[in-house]
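Let's take a walk through this one together, starting with a sheet and ending at a single residue. Have a look at the picture first, then read on.

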Amino acid sequence: MKDKSRIIVAGIGPGSANDITPAVIQAVKESDVIIGYKYYFQFITAYLRPDCICIDTGMKREKVRAMQAFEHAEQGKTVCIISSGDAGIYGMAPLIYEMKRERNSLVRIEVLPGISAFQKAASLLGAPIGHDFCIISLSDLMTPWEKIEKRIKAAAKADFITAIYNPKSDGRYWQLYRLKEIFLQERSPETPVGYVRQAGREEQEIHMTILGTFDPEEIDMFTIVLIGNSQTYFYADKMITPRGYYREESEKDAKGIGQEIMMDSFRTIAKELKYPDIPLGKKWAILHAIHTTADFEMEQIIQVDEGAVEQLHQAFKEGKITTIITDVTMAASGIRKGALERLGIEVKCYLSDERAVALSKEKGITRTQAGIRLAVSDYPNALYVFGNAPTALMELCDLIRKGKAVPAGIVAAPVGFVHVCESKHMVKPFVHIPKLIVEGRKGGSNLAATLVNSILCFDDAEQLKPGRDV
């Protein structure tokens with residue numbers, strides 16, 4: 001056997017002469033025999049030696065190509081077996097090494113990397129693979145679908161940027177739909193998606209969309225699909241995934257990290273809901289409540305009037321509600337300051353008002369009751385929020401019946417054992433007032449505040465992105 005006996009496994013790139021590396025071109029020039037799928041010979045014809053033997057095969061004849069390569073190499077020839085893209089990524093390189101072991105061959109193997117189709121597609125889309133990524137083939141010819149689906153779930157859950165090879169074929173039409181379904185269980189519908197057909201070739205097409213509207217019907221076997229992670233965004237008609245170079249140790253970043261944790265928590269809660277198919281406003285309030293309490297009973301005991309969250313949010317945005325009244329200061333402190341500033345809302349609590357102290361002594365009522373009487377006088381149409389005192393909620397109900405108060409809305413979440421349930425029953429007959437009620441004895445200032453926060457940030461509900469005002 002001559003010293004030059006070897007097999008070079010070369011990746012010639014995705015399909016453009018400009019994407020073939022100099023090392024591969026040199027290997028082609030040196031080879032006595034070139035073996036590959038016949039379509040790819042057009043890209044290397046200019047570099048072939050006049051006496052080079054070219055052996056072209058059809059698709060799905062990989063083992064035949066490998067055997068022919070060994071047969072020629074074992075005769076003392078330098079053989080170059082070509083693959084599109086990179087020969088090590090769904091290419092011929094693994095098969096050549098397996099066959100070398102099976103044959104116990106002494107032929108030397110050399111693998112030359114090439115530009116993979118997903119790399120070419122990524123460069124055309126912008127910079128979508130700037131952070132951790134994975135590649136998944138949807139072809140189940142050699143891998144059971146059950147295993148492929150496990151890999152899809154792992155990639156989606158781990159927030160990998162994901163490149164999809166072999167997304168569809170004539171016989172495989174549903175797998176990409178299933179992949180989209182799995183990703184939507186873990187990712188926002190707004191997640192950027194890019195796909196490139198015939199990357200690097202004359203027929204090249206570049207498309208960008210989002211996961212929620214991504215249409216698998218637009219994909220064929222010549223297309224590479226790239227799904228971004230939670231940080232990927234569109235900018236100047238490009239798809240970008242940041243590496244983190246501009247991240248600074250600042251309060252702004254700390255908020256970003258806090259929001260990311262909150263988003264992960266909400267996604268976890270949403271997956272564990274027993275009844276997820278409910279109106280978005282109610283679902284958004286319940287997610288906030290469970291996130292605050294870690295109590296999944298909230299799904300059963302939180303009652304939200306139809307359209308209440310949506311209606312109140314719109315009223316805040318339009319400036320129709322500018323004031324929130326709370327029964328105690330703790331409820332006020334839990335309402336997000338960023339949201340209040342963003343919407344121009346003022347929060348007031350009369351508990352420590354000197355007038356409330358004097359009125360409670362004069363009338364023999366609780367200070368929270370007295371505070372509500374004063375608040376109604378000053379702000380009869382505010383959003384009224386109760387997280388502690390049932391007597392204060394009962395006071396508001398009495399004032400509504402007397403025509404002295406017309407609240408824009410009510411959050412009823414007093415907690416305790418005396419008059420608590422009754423106070424919540426008392427507020428229910430006011431059907432014209434949008435209400436959020438925590439049924440039974442449970443409640444509390446933290447719960448009342450988080451229900452208010454769900455109203456203030458309802459415009460983040462569709463994307464399931466809570467916490468921007470944290």
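Before we start, one bit of vocabulary: two strands are said to pair when DSSP finds at least two bridges between them. Keep in mind, too, that what you're looking at is a predicted model. In general, the strands of a sheet pair through backbone hydrogen bonds, and they can do it parallel or antiparallel.

Now find the open sheet of five strands, ordered β7-β8-β11-β9-β10, where the pairing is mixed. At its edges sit β7 (133-137) and β10 (205-210), each of which pairs on one side only. From one strand to its neighbour the sheet turns by 20 degrees on average, direction ignored.

Let's zoom in on the β7 edge. Strand β7 runs parallel to β8 (residues 161-165), and five bridges join the two. One residue to look for is Ser137, whose bridge partner in β8 is Tyr165. Packed on the sheet you'll find helix α4 (residues 117-125), which touches β7, β8, β9, β10 and β11 (223-227). The direction of α4 makes about 65 degrees with that of β11.

Last stop: the loop between α6 (175-186) and β9 (192-197), where Thr191 lies. Is Thr191 buried or exposed? Its relative accessibility is 5%, and buried means under 20%, so Thr191 counts as buried. Leaving aside residues up to four places away in sequence, Thr191 touches Thr209, Ile210, Leu211, Ile227, Gly228 and Asn229. Closer along the chain, a polar atom of the Thr191 side chain lies 2.7 Å from the backbone oxygen of Ser188.

Technical notes. Residues numbered from 1 in each chain as written. Predicted model: local features only at pLDDT ≥ 70, side-chain atom pairs only at ≥ 80, totals over all residues. Heavy atoms only, no water. Helix = DSSP H or I, 4+ residues; strand = E, 2+ residues; numbered from the N terminus. Buried < 20%, exposed > 50% of the residue type's maximum accessible area, 1.4 Å probe, protein only. Polar contact = N/O pair within 3.5 Å; in protein donor to acceptor, adjacent residues only side chain to side chain. Contact = heavy atoms within 4.5 Å. Axes fitted to C-alpha atoms, helices over the stretch in contact; angles between N-to-C directions.
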